[in-house]
Amino acid sequence: MDKLAVYIHWPYCARICPYCDFNVYKRREDNLLLPAILADLAHWRELSGPREVSSIHFGGGTPSLMTPAQVGAVIQTVSALWGTSGIEIALEANPHEINAEDWRGYRAAGLNRLSLGVQSFHDAALRFLGRNHDGDTARAALDLAIGIFPSVSADLIFGWAGQTETNLSHDLSILIAAGAPHISTYQLTIEDGTAFAKAETRGQTRTVSSDLSADLYDQVRRTLMTSGFDHYEVSNFAKPKHRSRHNLAYWQGLDYVGVGPGAHGRITLNNTRHATVAHLTPGAYTRAVKTTGTGIASRERLTPSDAATEYLLMGLRIDEGISLTRYTELAEGPLNAAELEPLINDGLLLKQGERLSATAQGRLVLNAVTERLLLT
Ligand SMILES: C[S@@+](CC[C@H](N)C(=O)[O-])C[C@H]1O[C@@H](n2cnc3c(N)ncnc32)[C@H](O)[C@@H]1O
Ligand code: SF4
């Protein structure tokens, strides 16, 4: 059986950013959430049986609002349930929550990777994005993280209205000079229901044009690749040995535990993949764990077609691509050969033995490529 990744969702944030549609809530006192997460983990262990765990990832929301003792309690529980030897343990932190003592406490509790939500080093951009940190704080947080954790990742958002190639170059050069070994770059997207979506309906543009956005993405790629980063996933760049093992589990189609409000999970039971979703609000989640022993709100068996489609969509995002044998097993039939050959001939896909991957050019138009592949 493949290894299992563990995702913990901590949904609270000090401030809700105007572009974010994750399952987040304004920070408040909540003494019930941690015990519920620990109990939910025990339920997941019953579901999964004995498996080896490959990673624990604290995502959010803002898990850097958790105390080192809370983070330590989760790690110890996962360790007691499945074992945690030699695994990646990562947490998403906001620069605003920078606290050297807490971060050293996380490290002492077993955390070995910090993912920092830098977004930009420009004060004006950070104000525009509604962030509660400035460029100097982001730099100080990055230096501190690099001094404490064996691996550090920084998130950057590009494509905000007013951005130029010059200020993107400035953001990238600070990250490179600081020595961040992993960088995630997200194109600003306007999500339904967010404050930015409402502003756009009032005619206030929040993003650059799609042409400029494509140029900025190309600039990110060129700059980071010439600085020794592998472009191993559409939005992710890593120096050797610093790829996110946890996120790779998603892209490789492996199983993952999802605990905490609104968390998603995938688990293979009797050779069939199942998708789980936890109760959305912290209140509903903690009540469900208390009354039923689990926070899972729904558990659905994925059809062969859904499981195979998900594997393809996730797997073509990474440089290693997918195994055609596994695709055929999941789909209970081979990939659409009539579409496959022309996409290979057009230089958008690459077939090496039984592996299929998207070329650099193919990854630029990945949605169109996967749509064609999935035509029936
Ligand atoms: C959900 S956040 C969690 C980490 C942390 N709370 C933070 O904001 O830095 C993960 C990443 O998604 C990015 N993100 C969220 N919504 C986005 C959007 N609409 N467009 C681009 N990036 C987005 C965030 O900026 C962040 O880097
Ligand atoms: S982007 Fe991060 S800090 Fe902002 S609301 Fe979303 S999860 Fe919270």
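Which residue just after H10 takes a positive phi? I looked there first and found Gly293, with a phi of about 90°.

I noted that this is a predicted model, in which local features need pLDDT of at least 70, side-chain atom pairs count only at pLDDT 80 or more, and totals for chains, interfaces and linings use all residues. Residues are numbered from 1 along each chain as its sequence is written, while chains are lettered from A and ligands numbered from 1 in the order in which they are written.

Next I looked up the burial of H10 (a helix is a DSSP run of H or I with at least four residues, a strand a run of E with at least two, numbered from the N terminus). Pro282, Tyr285, Thr286 and Val289 are buried (20 or more other C-beta atoms within 10 Å of a residue's own, with exposed meaning 12 or fewer, partly exposed in between, and C-beta atoms placed from the backbone). Seen down the axis of H10, these buried residues fall within an arc of 90° and so line one face of the helix (the arc is that of the directions from the helix axis to the C-beta atoms). On the face turned away from that buried side I found the exposed residues Thr291 and Thr292.

I then asked what covers the buried residues, and the cover includes strand S3 (25-26), H1 and strand S13 (272-278). For H1, I listed Leu33, Ala36, Ala39 and Asp40 as meeting Pro282, Tyr285, Thr286 and Val289 of H10 (contact means C-beta atoms, placed from the backbone, within 7 Å).

Technical notes:
Contact = placed C-beta atoms within 7 Å.
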